[in-house]
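Subject: Structure for you to look at

Hello,

Here is the structure I said I would pass on. Please open it first, then read the notes below beside it.

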Amino acid sequence: MHVAIAGSTGVLGSHLIRRVTCAGHIVTPIARYHGVDLVTGRGLDAALDGVDVVIDASDPRPRGLADGEELRSEVREAAERLLEAAYVMGAYRLISVSVLGVEHAAFDAFAPYLAKREKEAIAHAHDLPTTVVKASHFHEFALNPAGVHAFADQVLVQDMLLQPVAAGAVAAAITEMLEADMMTEVIELAGPEEIRLPELTRRVLDVHRDRRAVMPIAPLVRQMGTGVLLAPDTALMVGPTVTEWLDIYARDNAVCTPY
Ligand SMILES: NC(=O)c1ccc[n+]([C@@H]2O[C@H](COP(=O)([O-])OP(=O)(O)OC[C@H]3O[C@@H](n4cnc5c(N)ncnc54)[C@H](OP(=O)(O)O)[C@@H]3O)[C@@H](O)[C@H]2O)c1
């Protein structure tokens, strides 16, 4: 199978590149780094030539300071361009990654999640058969500037209550979907346990022997701290626990010890 992976240089996309390649498929990476821009359409048709399935793990956002409307418009533009180009170039399926919980009313005025809702709606409305994979925050979110703000002497972390999933486990689940005949419209994925983001960040910084103080701050949306991002009963639990993931993370990011 020939698979295009949009967002190929990102946290999830890098795992997808490895997993999908190892499963024996031909892979075409899509990112601005690879000369393809989903927002302007530069290089898109050429990248999708001969592709059977498109996986969208991109996360477009305007460069520099942008307001919520600019962000939403960029996400919509990218989603529409990718879907239309995939359809016209003959792909038969799209797997589009989104965030678990964005539909909750707590996010009715939160532009990043409104953008995700719009992207999901665009995918469902198109003629190209689409599966939307709604994943909970990744373990890797422990260092993501969307929730973690690092300074020289301390790290401020939004006090979100999460049920994180390993990006590698999401990539593995998506790779398995490529072989499945059945096309489910929505699949929800989460990890096996709950943790507050400041604790997760503390444990990841410990791997790096980074002793800066971790200070919890209020999340951008208050309810992010009270459970709206936890997995519903309908979600599949996949991947390692936090402790198991940290072992893998420590091995992959082993600090070189001098002789
Ligand atoms: N991070 C999380 O905890 C989390 C949790 C649940 C779901 N998700 C969702 O999973 C998806 C991937 O997240 P991630 O954290 O892996 O994202 P990421 O690390 O920020 O990577 C984003 C990717 O999108 C590409 N991209 C951005 N703008 C582009 C454009 N205009 N044209 C082409 N490519 C573009 C980037 O490459 P270039 O910069 O080279 O273009 C990069 O490869 C997103 O939809 C995200 O909302 C993330």
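Two residues are in contact if their C-beta atoms, placed from the backbone, lie within 7 Å. Helices (H or I, at least four residues) and strands (E, at least two) are DSSP runs, numbered from the N terminus. This is a predicted model, in which local features need pLDDT of at least 70, side-chain atom pairs count only at pLDDT 80 or more, and totals for chains, interfaces and linings use all residues. Residues are numbered from 1 along each chain as its sequence is written.

The smaller topic is a sheet with helix 6 on it. Strands 6, 7 and 11 form an open sheet in the order 6-7-11, and the pairing is mixed; two strands pair if DSSP finds at least two bridges between them. Strand 6 (148-150) and strand 11 (213-217) are its edges, each pairing on one side only. On average, neighbouring strands here are turned by 20° against each other, direction ignored. Strand 7 (residues 154-158) runs parallel to strand 11, joined by 5 bridges, and Leu156 stands opposite Met215. Helix 6 (residues 197-207) lies across strand 6, strand 7 and strand 11, at about 145° to strand 7. Such angles run from 0 to 180 degrees between N-to-C directions, with axes as lines fitted to C-alpha atoms, for helices over the stretch in contact.

In the loop between helix 6 and strand 11 sits Arg209. Arg209 is not a glycine, yet has a positive phi of about 55°. Is Arg209 buried or exposed? Arg209 is exposed, because 7 other C-beta atoms lie within 10 Å. The cut-offs are 20 or more other C-beta atoms within 10 Å for buried, 12 or fewer for exposed, and partly exposed in between, with C-beta atoms placed from the backbone.

Next, the other sheet. Its 7 strands form an open sheet in the order 2-1-3-4-5-9-12, with parallel pairing. The edges are strand 2 (26-30) and strand 12 (236-237), each of which pairs on one side only. Helix 1 (residues 11-22) packs on this sheet and touches strand 1 (2-6), strand 2, strand 3 (53-56) and strand 4 (93-99), its direction making about 170° with that of strand 1.

Strand 1 and strand 2 pair in the parallel sense over 5 bridges, and Val3 stands opposite Val27 in strand 2. From strand 1 the chain crosses through helix 1 to strand 2, a right-handed β-α-β crossover. Right-handed means that, with the strands pointing away from the viewer, the path from the first strand over the helix to the second runs clockwise.

Further along, strand 5 (residues 130-135) and strand 9 (residues 186-190) run parallel and are joined by 4 bridges. Lys134 stands opposite Glu188 in strand 9. Helix 5 (residues 167-179) lies across strand 1, strand 3, strand 4, strand 5 and strand 9, at about 160° to strand 5. Its buried residues include Ala167, Val170 and Ile174, and the buried residues of helix 5 pack against helix 1, strand 3, strand 4, strand 5 and strand 9.

Last, the ligand. Which of the 26 residues around the ligand come nearest? They are Gly7, Gly10, Ala31, Arg32 and Tyr33; a residue counts as near if its C-beta atom, placed from the backbone, lies within 6 Å. Helix 1 gives the largest share of the shell, 3 residues.

Regards
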